[in-house]
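I opened this structure to check a few local contacts, the DNA surfaces, the core and the cysteines. My notes follow in the order I looked things up.

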There are 2 protein chains.
Amino acid sequence: MNIGDVATQTGLPAKTIRYYEDIGLVTPERGANGYRIFGQSDAHKLAFLARARALGFSIEDCRNLLALWGDRSRASADVRAIAKHHLTEIETKIAGLAAMRDTLAELVQECAGDNRPDCPILKGLEGA
Amino acid sequence: MNIGDVATQTGLPAKTIRYYEDIGLVTPERGANGYRIFGQSDAHKLAFLARARALGFSIEDCRNLLALWGDRSRASADVRAIAKHHLTEIETKIAGLAAMRDTLAELVQECAGDNRPDCPILKGLEGA
DNA sequence: CATAGGGGTTCCAGTCACAGGAAGGTCAAG
DNA sequence: CTTGACCTTCCTGTGACTGGAACCCCTATG
């Protein structure tokens, strides 16, 4: 398979796949013409990566997850630890965003949004 | 005021304040020794920026909000439009993160997290 | 008066995970 | 033979800073 085929299969842009090779996440072979050749195992790895990234895992997490995936003597506790830690980070992020949303929603609702200059949003930003 | 004083007042790191000068958000004067000199108006601007950034507004949004803040003939509708658009983006982000959280939480709960290799998390990542 | 410290200054590199684009080689079809 | 779609490498840019090097300035103390 050429890079375009794997890109179609996995939904990852070709650019991203090249980048993943660059940082050592996949190591496709090369044809005589210099083209990358992806086997089934490469395609599976990339699909795995695509899903892990879609769940928000960092590249480093992905690297570790890939290693565990390929390690038959792994302990599921290690996988779980990575996932749980990431889950906590996501929850923290959500909490931060939710706080922003609440404050913003309040300000937006208070603001008339007409052509007069008076604006509760700016007031909220200028004074605590 | 020197940069350290403003940093303490606003809670912004000095580095960040220099960066804000670099990109033209504030324009403090300079003393004979080359030090930046911040007046009250600069300090207010920076406090405004700190709050806007804390609400997640982008630097470009901040630039526009600052301009509106200083524009006596502004229409509050313009401010509101920026804020509302930002609010929508935040809500979109939250929705995305919440979806990740749900999937992750489910996988984490299914995983035993012991020293055996069997792992629903990896299974979830490998197959759709 | 020399020095030590805690300011301040500039400039350069790195972050994260790619995306865009230039310049050029390769391949299959018409 | 040419066209156009694909592939290659390399370089730059993104957002909003952060860290660090190398250097200057100011005040207090021995």
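**T10(B) and A7(B)**

I began with the side chain of T10(B). One of its polar atoms lies 3.1 Å from the backbone nitrogen of L12(B). The model is predicted, so I note this as a computed distance. T10(B) sits in helix 1 of chain B. Is T10(B) buried or exposed? T10(B) is buried, at a relative accessible area of 16%.

I then looked up A7(B). A7(B) belongs to helix 1, residues 3–10, of chain B. I get a relative accessible area of 13% for A7(B), which counts as buried. I also took a long-range distance from A7(B). Its C-alpha is 49 Å from that of C119(B), and the two are 112 residues apart along the chain.

**DNA strand D**

Next I turned to DNA strand D. How many residues surround DNA strand D? I find 18. The closest are G4(A), R36(A), K15(B), Y20(B) and R53(B). Of the strand D atoms that come within 4 Å of the protein, sugar and phosphate account for 71%.

I went through some polar contacts here.

- An N or O atom in the side chain of R18(A) is 3.1 Å from a phosphate oxygen of DNA strand D.
- For N33(B), a polar side-chain atom lies 3.5 Å from a phosphate oxygen of this strand.
- K15(B) goes to a base: an N or O atom in its side chain is 2.3 Å from a base oxygen of DNA strand D.

Which elements give two or more residues to the surface near DNA strand D? They are helix 1 (3–10) of chain A and helix 2 (14–22) of chain B. Helix 2 of chain B gives the largest share, four residues. By residue class, I count seven nonpolar, six polar and five charged in the surface near DNA strand D.

**DNA strand C**

I repeated the search for DNA strand C. This time 19 residues surround the strand. K15(A), Y20(A), R53(A), G4(B) and R36(B) are the closest. Sugar or phosphate makes up 67% of the strand C atoms within 4 Å of the protein, and bases make up the rest.

I listed contacts to bases and to phosphate.

- The side chain of Y35(A) has an N or O atom 3.0 Å from a base nitrogen of DNA strand C.
- Y35(B) places a polar side-chain atom 2.9 Å from a base nitrogen of DNA strand C.
- R36(B) goes to the backbone: an N or O atom in its side chain is 2.7 Å from a phosphate oxygen of DNA strand C.

Which helix gives the largest share of the surface near DNA strand C? Helix 2 of chain A does, with four residues. At least two residues each come from helix 2 (14–22) of chain A and from helix 1 and helix 2 of chain B. The surface near DNA strand C divides into seven nonpolar, six polar and six charged residues.

**The nonpolar core**

I moved on to the largest nonpolar core. This core has 77 residues. Which members touch the most others? I get L46(A), F57(A), I121(A), L46(B), F57(B) and I121(B). Helix 5 (residues 76–110) of chain B supplies the largest share of this core, twelve residues. Domain 1 (1–58) and domain 2 (75–128) of chain B each give the core at least three residues. In soluble globular proteins, nonpolar side chains tend to be buried together.

**Cysteines**

I searched the whole structure for disulfides. I found zero over all chains. Why is there no bond at C62(B)? The closest cysteine sulfur is in C119(A), 14 Å away, and that is too far for a bond. C62(B) is buried, at 1% relative accessibility.

I checked C111(B) too. Its closest cysteine sulfur is in C119(B), at 3.9 Å. A disulfide needs the sulfurs within 2.5 Å, so this pair is too far for a bond. C111(B) is buried as well, with a relative accessible area of 4%.

**R63(A)**

My last entry is R63(A). R63(A) lies in helix 4, residues 59–69, of chain A. With a relative accessible area of 29%, R63(A) is partly exposed. From R63(A) to A32(A) I get 29 Å, C-alpha to C-alpha, across 31 residues of sequence.

Key: Residues are numbered from 1 along each chain as its sequence is written. Chains are lettered from A and ligands numbered from 1 in the order in which they are written. This is a predicted model: local features need pLDDT of at least 70, side-chain atom pairs count only at pLDDT 80 or more; totals for chains, interfaces and linings use all residues. Side-chain values use heavy atoms; hydrogens and water are left out. Buried means under 20% relative accessible area, exposed over 50%, partly exposed in between (1.4 Å probe, protein chains only). A residue is near a molecule or strand if one of its heavy atoms lies within 4 Å of it. A polar contact is a pair of N or O atoms within 3.5 Å; within protein, one must be able to donate a hydrogen and the other to accept it, and residues adjacent in sequence count only if both atoms are side-chain atoms. Ala, Val, Leu, Ile, Met, Phe, Trp, Tyr, Cys and Pro count as nonpolar, Asp, Glu, Lys and Arg as charged, and the others, Gly among them, as polar. A nonpolar core is a set of buried Ala, Val, Leu, Ile, Met, Phe, Trp, Tyr and Cys residues joined through side-chain atoms within 4.5 Å. Domain bounds come from an automatic or database domain assignment.
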